[in-house]
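Student: I have a model open in my viewer. Can you show me how to read it?
Tutor: Sure, let's take a look together.

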Amino acid sequence: MTTWGLVVEATVGLGERKRTEAYVLAHVEGSREAALAELERRARGYDPEHPRNPKRRRLLRSGDGFLLVIDGAWQSYATRFSIAELLEDSDRPEPPQQDAAHPAPSQETAPSPAPLPPEPELAAGEECDEDGVPLRPSWLGRTDLS
């Protein structure tokens with residue numbers, strides 16, 4: 001099944017510091033049409049940070065996406081919405097390789113968690129709250145701290 005990335009390229013910043021930043025809104029698995037429908041839903045509901053007082057809002061369809069143009073009191077801001085097929089993702093786990101000589105195990109076992117560090121020992125008579133946190137900090141009263 002094809003995985004589609006829903007990509008947003010938005011104008012951020014003000015004045016001479018305006019620039020375009022791109023990020024992936026979400027991933028959609030399925031057909032191109034399903035991805036475009038989800039992208040259109042998100043584009044129609046998108047509320048950008050700028051302009052703060054919009055005067056006019058226009059959503060235009062173009063190729064594999066949409067262009068949202070919002071006119072403010074002094075400047076216009078554009079946001080481009082597009083879909084793109086996901087070909088590679090460094091943060092996505094690779095599917096296990098299977099071949100006839102080395103079949104995949106039937107059950108996967110989770111790695112055992114790392115052992116917890118030992119609890120710090122409290123001085124005799126030291127009062128703690130219900131979570132075990134000392135009521136009097138260890139640094140209180142030290143003269144070597146200034």
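Here we talk through the strands, then a helix, then a pocket.

Tutor: This model is predicted, so local features need pLDDT of at least 70 and side-chain atom pairs 80 or more, while totals for chains, interfaces and linings use all residues. Residues are numbered from 1 along each chain as its sequence is written, and side-chain values use heavy atoms, leaving out hydrogens and water.

Student: In what order do the five strands of the open sheet come?
Tutor: Strands are DSSP runs of E, at least two residues, numbered from the N terminus, and two of them pair if DSSP finds at least two bridges. Here the order is E2-E1-E5-E4-E3, with antiparallel pairing. E2 (19-29) and E3 (56-62) each have a single partner strand, so one side of each lacks a neighbour in the sheet.

Student: How many bridges join E1 to E2?
Tutor: There are 10, and one of the pairs is Ala10 with Glu21 in E2. On to E5 (residues 76-85): seven bridges join E1 (residues 3-12) to that strand, and Gly5 has Ala84 as its bridge partner there.

Student: Is E1 enclosed or not?
Tutor: Buried means under 20% relative accessible area (1.4 Å probe, protein chains only). Eight of the 10 residues of E1 are buried, so the strand is largely enclosed by the rest of the structure.

Student: What links E1 and E2?
Tutor: They form a hairpin with six residues between them, and Gly13 in the turn has a positive phi of about 90 degrees.

Methods:
Helix = DSSP H or I, 4+ residues; strand = E, 2+ residues; numbered from the N terminus. Buried < 20%, exposed > 50% of the residue type's maximum accessible area, 1.4 Å probe, protein only.
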